[in-house]
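Hi,

Here is the structure I promised to pass along. Have a look at it first, and then read my notes underneath.

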Amino acid sequence: EVQLAESGGGSVQAGGSLRLSCTATEYTSSAMCMAWFRQAPGKKRETVARITTHFGSTYYDDSVKGRFAISRDNAKHTTYLQMNSLKSEDTAMYYCAAHPVRSRACSALAEGEFTYWGPGTQVTVSS
């Protein structure tokens, strides 16, 4: 059973930066889709960014393009989310998720298709 653990959340002022980390106990495939989701109070959970472990292909939600960067270190089974120019609307619980890439592209996977989830890390941005 793959376990994911997020870290790096915290409180920051608008315009600041944070880097989130997601470490997996293992990868069940050489081709994993690693994703960051977030959920703000009263809102649905939404995709923030995704990356494939084998090719490093990335996908970003429009709301974070140019501000956030996702990367991975396969040797450490760790995925990162560098968040710059943070806004108050980025305040949310951030979750890491993982799923083996098979017939469907990483960017096309629905939230419900992700097999593994971390417990989340809170990010609070004050204006």
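Below is what turned up when I went through it.

First off, keep in mind that this is a predicted model. The fold is easy to describe: the chain has eleven strands and zero helices. As for overall shape, a compact globule of 127 residues would have a radius of gyration near 14 Å, and the chain agrees, with 14 Å. The C-alpha trace spans about 40 × 25 × 25 Å along its principal axes. Of the 127 residues, 43% count as buried. Looking at contacts between residues at least 6 apart in sequence, 58% join residues at least 24 apart.

You'll probably want to know about the cysteines. The count comes to two disulfides.

- Cys-22 is joined to Cys-96, with an S to S distance of 2.0 Å. The link spans 74 residues, from strand β3 (residues 18-24) to strand β9 (residues 92-100). It is left-handed, with -75 degrees about the S-S bond, and both Cys-22 and Cys-96 are buried.
- Cys-33 pairs with Cys-106, their sulfur atoms 1.9 Å apart. Cys-33 sits in strand β4 (residues 32-39) and Cys-106 in the loop between β9 and β10, so this pair ties together parts 73 residues apart in sequence. The torsion here is about 60 degrees, so the Cys-33 and Cys-106 disulfide is right-handed. Both Cys-33 and Cys-106 are buried too.

Numbered in sequence order, the bonded cysteines pair 1-3, 2-4.

On the surface side, the chain exposes about 6,300 Å², with carbon and sulfur atoms supplying 46% of it. There are 13 positive and 11 negative side chains, and the centres of the two sets lie 3 Å apart.

Cheers

Methods:
Residues are numbered from 1 along each chain as its sequence is written. This is a predicted model: local features need pLDDT of at least 70, side-chain atom pairs count only at pLDDT 80 or more; totals for chains, interfaces and linings use all residues. Side-chain values use heavy atoms; hydrogens and water are left out. Helices (H or I, at least four residues) and strands (E, at least two) are DSSP runs, numbered from the N terminus. The radius of gyration is taken over C-alpha atoms; the globule rule is 2.2 Å times the number of residues to the power 0.38. Buried means under 20% relative accessible area, exposed over 50%, partly exposed in between (1.4 Å probe, protein chains only). Contact means heavy atoms within 4.5 Å. Accessible areas come from the Shrake-Rupley method with a 1.4 Å probe; for residues, only the protein chains shown count as cover. Lys and Arg count as positive and Asp and Glu as negative; His and the chain ends are not counted. The place of a charge is taken as NZ of Lys, CZ of Arg, CG of Asp or CD of Glu. A disulfide is a pair of cysteine sulfur atoms within 2.5 Å.
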